[in-house]
Every structure is written in structure tokens, then in C-alpha cells.
Amino acid sequence: MKVLVTVKEVAAVEDDFEIDGLSIDDRYLEYDLNEWDDYAVEAAVQIAEAADEDVEVVAATIGPERSEETIRMALAKGADRAVRVWDDAIAEQTLLDVDAKASVFEQVVAEEEPDLVLTGVQAGDDAFGATGVALANRVGYQWAAVVNDLDYEAGDDIATVRRELEGGVEEITEVDLPAVLSIQTGINEPRYASLRGIRQAQQKEIAPHDLSDLGLDAEAVDGALELTDMYEPESESDATIFEGGAEGTAAELASVLRDKGVVGE
Amino acid sequence: MSDVLFVAEHRRGDLRDVSYEGITAGRDLADALGGELHVAVVSGPVDRFAESLNTPEVDAIHTVDAGEEFDHDTYAAATEALHAELDPAALLLPNSVNGLDYAPAVADSLGLPYASDAVAVAYDDGLTVTREMYGSKVETTVDVAGDQFVISIRSGEWAAADGAGDAEISAFEFDESGVDNGARVQGFEEVGNGDVDIGEADFLVSIGRGIEEEENLDLIRDLCDATGATLSSSRPIVDNGWLPKNRQVGQSGKQVTPDVYLAIGISGAVQHVAGMKGAETIIAINTDPNAPIFDIADYGIVGDLFDVVPALIEEFE
Ligand SMILES: Cc1cc2nc3c(=O)[nH]c(=O)nc-3n(C[C@H](O)[C@H](O)[C@H](O)COP(=O)(O)OP(=O)(O)OC[C@H]3O[C@@H](n4cnc5c(N)ncnc54)[C@H](O)[C@@H]3O)c2cc1C
Ligand SMILES: Nc1ncnc2c1ncn2[C@@H]1O[C@H](COP(=O)(O)O)[C@@H](O)[C@H]1O
């Protein structure tokens, strides 16, 4: 069987940063594998490791060449190979919307024909929280969103999942395969890449595709959403910020706590 | 085609808060569009729900009697059928965990643009949605092309509608027989109860990813010992297995309302804030002056927890 895992390189903003028009300068960004996708990769690799049959784990990304370094982490953790989609038409978008991502991954699914697709619940940067379910609908797979427990053995026709609802309630659901599951953090313990894994990852394939390789034209990624402004949220806070060294600020904080009557003298 | 359709949310016999917030959001948008606000409620005791949802802001309520609990195939099919019937400009859905499980599918099936997790929505010749990026450190506006769209709204951003209205309530004829059942809900389980109920504490010291290593938690435990505070945390600490689930504050953990909530090394992501914004006094210690937690804090220290916390412990010893 085959498991496809979507993995995104996401940017996190440093403590101090500046917004330049519609983006944040690269200087203030740190790139890493999306936290949720790290758990999805682990879930896929665990299915493969527990299987008697051969299970291929394929990582798929939409990202520029720079993202290969990040995608290689998924390979170092046990994915067998990767597909990377990029195109000038994608680079031109101010915001690659869910419809565009689903259109791209639809073609990857058509090419790879996976039995199971694992995505993260959300991307840490643009946070649509939608790509997995939109893709499932597009390709006619079953799905479940916000999965924090997965009971599945390679070859089974059904996956039993728990969906993590609000307020400490979990929904237990059976999902027929083929299916797309969006994976929540905490579902497993993502491994660290071993030195051996990192070395092996250098030999694994990351196949580049542009839109025409997937039989798509530029229109497919020309979404309806356009980013028009980016700014630091106006702080509504009137917080009292204590300034100074650790001792001084701690003393002020201590007196607040005493005033509130939550700690005794 | 200037109406708004909002689909309410409920679980195990209760409408969820976002259902009333969505009415407020929907009314504002309907006014901007010059149309009516339709509210739909799918599954469960729909007549009782319709009564509760009948606030002055609502023009029409549609009940869909199908099953008891949320099932994404039923919700998607019913919402698409209602959309075909009403042809609204805007379809508003909650950006809840269940919203995440059907809103993207509905938008895709309808072939409409999807703007998720909106914190504000405006219409003036075209739709503009405000969304956050980079863990709430940046806000963006997004223009949505076209004259029909699907928007999911973040909970807690709009005031809840209340009061009694006189909207017409009608049962929507919906044929369930064609609905897929490839994903079948088997039941529910409550998780995260244990020895301590952080919801009962007057003073919570809550730790986040800023603590870096499991061993460093001892420092925070020392602070709790020195002050008599109860220890809680953000999600990553629980995900890592460093603290049990019953210590987690947030959307998927516990909702807490202590007298004092001291957040240490916690950025203040929306799902965390959902669980603690009701605290009487919020205090944050964080190295990042731009951390969103400071936006809701009453007191703050911009500093390294590994310097500040030991000094704070000294104060009480
Ligand atoms: C469906 C869903 C449900 C979720 N439910 C929850 C939930 O219930 N509860 C929850 O908490 N999260 C929840 N999350 C996750 C949430 O989105 C965030 O990822 C999480 O809250 C981040 O936790 P954090 O603030 O500890 O970590 P981070 O966001 O990584 O923040 C760490 C903070 O520590 C600061 N820091 C670093 N070093 C130091 C230092 N030495 N001294 C002081 N400060 C320092 C940093 O500046 C940063 O602000 C949910 C997410 C999803 C998608
Ligand atoms: N550009 C991308 N490349 C690879 N995977 C992606 C990309 N965008 C989204 N995804 C996947 O979809 C999930 C949800 O992302 P989003 O809907 O953008 O919040 C992520 O956790 C990824 O698994």
C-alpha cells in the first residue's frame, strides 16, 4: 500500500520583525517543517514499520527549491521519497488558497494513487486548516479532520480514528479507505532524525514537478483570494509592563500577587 | 443573491456559543450586502434549537431533521442543498473542529472561494476578510473575488446574539438517502479528567514551550510550591507527554477562570486563549514583546523566564 503525506515548509516570525508591504522580509523568518506535518510523517512511518506488507511513504510538498532542505527531514525520518511541486505561477500568488492547493494535490493523488493521505490539521503560517478536507472532497476520498488517535494496520479497509473536539471530548469514527486524515499534534511522539536517517535521506529522491508536469495550467492556482494588507495587530492591551532586571520585575510581580491575595506572605 | 446563510452548531443536545456569534456576524454581513439572514440547524432536536436561535437579527430559520449528532456527510449534503435552494451570496460556517471537518468540502463542492478562520468580515463592492497569520503575530486582509463565497468564522470574535425574534421557522425537505456514509461516528468519550481539576484553582501558573526541556519543569514546580499555585500548561507540554492532559488549558483542554493566571513562556495562540481569557487577572512572562499573550495581559514582564522565575521564587522564600 501507499501512504501520501503532505509536508509544508512553514515560516515562523522572529521576536522582532518588520513588515514590508505584503510580506515579512526573509531576514526575520525561520523556516521549519510544519509542526502538524511532523506528526503526520511519524504516523505514516509507524504504519509502514508495523506492516507485514510493503508500505511506501511518499511526501508531497508545494514549495520552492529552498524547501527541499526541510522536506529532506521527512525523508530522514523515514519517508521513502518526495514530490515537490513549484511553478512561476505559484510563486506569483500573494496567497496560495485552499482551492489552488487542492488542485495541485489532486493531480499528485491521481499520479500516486495512495490508499491513505495524511495532512496536518493546519499550516502554522497561513493557517487555513482546510487543505486535507478540500482535497478529500476533490478526489472523492473519505476523510476525518483533527485526528488525535489513529488505529490502522496496513492493508485494512477501515481506519478507526478519534477526532479531538473542543473541551476534552473525543469523537470515535470509522473511516473507509481510501481516505484523507488531518493529523493533530500529540497523536504520537515524532522521532528525531538519526544520523543514519539523515545520511540515507541524501540518496532519496525529491522529484520536482511544475504545473505542466501535472497537466495543469497557471489558472489552476490562480485562486480567488488576494492578500491586500499585512500589519501588526493593534494591541488592545493596557497591560502594565514591568521594566528592568529580573530582580526588580520579580519584586513588582510579587507585590501584584500579594495584592490579589492569591499567595500568602 | 444578497442573502447570508449561517449554519449553527450543536453537540449532545446543546447549541454551541459560536451559533449565536455567527448570527451577529451574519446580520452585519447581510446588512452590508443588503440581504436577509437565514440560519440553518441540522440534526438533533431541531425544533427546540430553532426556538433558541430565533433572535431579532434572524430573518428565517431552516431546520433539517436528520440524525442526532454532527456527521460531516449529512452536514455537507444538507448545506449544499440549502445553498442551492437559497442561493445566498455568503455562506457562513463556524471554524470549529466540526467546521474544519465539513466547511472545506462544502466550499469545494460548490466551487466557491473559501476564506477560513475570519476574525472580521466586511463587504463594500466586494468581500474583505480579516485573518491572522504566523500564530497571531500578523493580521492580514484578504479580498475575495466573485459574488458568492464561503467563510468560516473564528469563535469568540463576535458578540453573541440574544433575545426573542420572530423569524419564520420552516422544515427544509432533505433527502438523506443519497448521503454517503463512508465515515461513521461510533461514539464520544470524555478525556482529560484526573487527580487535579485546574478549573477549581484560584491561582494558576501555566507553562508553555518556552520551558524548552522537561527537566526545566522543576523550576516551575518550585514556583508553584513557593506560591501555592496550581500548575497548568499549554498544549505542546501535554503533547510532549511532560504533563497529563488534565493540566492543559485551551480549546481542546480545559477552560479556566482563576483569579490570577500567570502564563510563562506561552505565546498566546487563539486556541490557548480560548481557555483562559476569562481569568480575572492575566500576567505574562515572555521574551518576545510581540507575543500575542501581552494583548490580553493585565501585567507583563518582557524577559527570560530562566532569570525571572528564580527571582520570583526568592520573593516568596
Ligand atoms: C484544533 C486545535 C486545537 C488546539 N488546542 C489547544 C489547546 O487546547 N491549548 C493550547 O495551548 N494550544 C492548543 N492548540 C495549539 C496552539 O495553536 C499553539 O500551537 C499552542 O498554544 C502553542 O503553545 P505555546 O504558547 O506553549 O508555544 P509557542 O507558540 O511555541 O510559544 C512559546 C513562547 O515562549 C516564549 N519563550 C521562549 N523562550 C522563552 C524564555 N526563555 N523565557 C520566556 N519566554 C520564552 C516565546 O517567545 C513564545 O512566545 C490547538 C491547535 C489546534 C489547531
Ligand atoms: N504548500 C504546501 N505544501 C505541502 N503541504 C501543504 C501545503 N499547504 C498545506 N499543506 C498541507 O495541508 C495541511 C493544512 O494546511 P492549511 O490548510 O494550509 O492550514 C498542512 O498541515 C499540510 O500538511
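# Exercises on a predicted two-chain model

Of the 265 residues of chain A, 56% count as buried. The model is predicted, and the exercises below refer to it throughout.

## Exercise 1. The two chains

Task: State how many helices and strands chain A has, and how many chain B has; then describe the extent, burial and contacts of each chain.

Solution.

Step 1. Chain A holds seven helices and 15 strands. For chain B, the secondary structure amounts to nine helices and 18 strands.

Step 2. Taken along the principal axes, the C-alpha atoms of chain A fill a box of roughly 65 × 40 × 35 Å. The corresponding box for chain B is roughly 70 × 45 × 35 Å.

Step 3. In chain A, 56% of the residues are buried. In chain B, which has 317 residues, the buried share is 60%.

Step 4. Consider contacts in chain A between residues at least 6 apart in sequence: 71% of them join residues at least 24 apart. In chain B, 65% of the contacts with a separation of 6 or more are between residues 24 or more positions apart.

## Exercise 2. A sheet of four strands

Task: Give the strand order of the open sheet of four strands, and explain which strands stand at its edges.

Solution.

Step 1. The order is S14(A)-S10(B)-S9(B)-S8(B), and the pairing is antiparallel.

Step 2. Strand S14 (225-231) of chain A and strand S8 (120-123) of chain B each have a single partner strand, so one side of each lacks a neighbour in the sheet; these are the edge strands.

Step 3. On average, neighbouring strands of this sheet are turned by 25 degrees against each other, direction ignored.

Step 4. S8(B) pairs with strand S9 (residues 127-133) of chain B in the antiparallel sense, over four bridges. Within this pairing, Thr128(B) of S9(B) is the bridge partner of Ala122(B).

Step 5. S9 is followed by a loop leading to strand S10 (138-144) of chain B, and Tyr134(B) is found there. Its phi is near 50 degrees, a positive value in a residue other than glycine. Tyr134(B) has a relative accessible area of 14%, and because the cut-off for buried is under 20%, Tyr134(B) is classed as buried.

## Exercise 3. A sheet of six strands

Task: Trace the open sheet of six strands and identify the helix that packs on it.

Solution.

Step 1. The strands follow the order S15(A)-S18(B)-S17(B)-S16(B)-S14(B)-S15(B), with parallel pairing.

Step 2. The edges are strand S15 (240-242) of chain A and strand S15 (230-233) of chain B; each has a single partner strand, so one side of each is left without a neighbour in the sheet.

Step 3. The average turn between neighbouring strands of this sheet is 20 degrees, direction ignored.

Step 4. Five bridges link strand S16 (residues 260-264) of chain B to strand S17 (residues 281-286) of chain B in the parallel sense. Val260(B) has Thr281(B) in S17(B) as its bridge partner.

Step 5. Helix H9 (residues 305-315) of chain B packs on the sheet and touches S16, S17 and strand S18 (299-302) of chain B. The direction of helix H9 makes about 140 degrees with that of S16(B).

## Exercise 4. The second largest pocket

Task: Describe the volume and the lining of the second largest pocket.

Solution.

Step 1. The space in this pocket is about 1,000 Å³.

Step 2. Its lining consists of 46 residues; Lys8(A), Glu9(A), Leu96(A), Asp125(A) and Asp126(A) lie nearest the centre.

Step 3. By class, 24 lining residues are nonpolar, 14 are polar and eight are charged.

Step 4. The element that gives the most to the lining is strand S6 (residues 56-62) of chain A, with three residues.

## Exercise 5. Individual residues

Task: Locate Arg16(B), Pro178(A) and Asp87(B), and describe each.

Solution.

Step 1. Arg16(B) lies in the loop between strand S3 (14-15) and helix H1 (17-33) of chain B. Arg16(B) is partly exposed, at 23% relative accessible area. Leaving aside residues up to four places away in sequence, Arg16(B) touches Glu166(A), Glu9(B), His10(B), Arg11(B) and Ser96(B).

Step 2. Pro178(A) sits in the loop between strand S11 (169-176) and strand S12 (179-183) of chain A. The peptide bond between Leu177(A) and Pro178(A) is cis, with omega about -5 degrees.

Step 3. Asp87(B) occupies the loop between helix H3 (72-86) and strand S6 (90-94) of chain B. Its phi is near 50 degrees, and at 36% relative accessibility Asp87(B) is partly exposed.

Step 4. For context, most residues other than glycine have a negative phi, and most peptide bonds are trans.

How values were computed: Residues are numbered from 1 along each chain as its sequence is written. Chains are lettered from A and ligands numbered from 1 in the order in which they are written. This is a predicted model: local features need pLDDT of at least 70, side-chain atom pairs count only at pLDDT 80 or more; totals for chains, interfaces and linings use all residues. Side-chain values use heavy atoms; hydrogens and water are left out. On a 1 Å grid over the protein atoms alone, a cavity is a set of points where a 1.4 Å probe fits but cannot get out, and a pocket is an open set with protein on both sides within 12 Å along at least five of seven lines; lining residues have an atom within 4 Å of a point. Grid points are joined across faces, edges and corners, and a volume is the space filled by probe spheres set on the points. Helices (H or I, at least four residues) and strands (E, at least two) are DSSP runs, numbered from the N terminus. Ala, Val, Leu, Ile, Met, Phe, Trp, Tyr, Cys and Pro count as nonpolar, Asp, Glu, Lys and Arg as charged, and the others, Gly among them, as polar. Two strands pair if DSSP finds at least two bridges between them. Axes are lines fitted to C-alpha atoms, for helices over the stretch in contact, and angles run from 0 to 180 degrees between N-to-C directions. Contact means heavy atoms within 4.5 Å. Buried means under 20% relative accessible area, exposed over 50%, partly exposed in between (1.4 Å probe, protein chains only).
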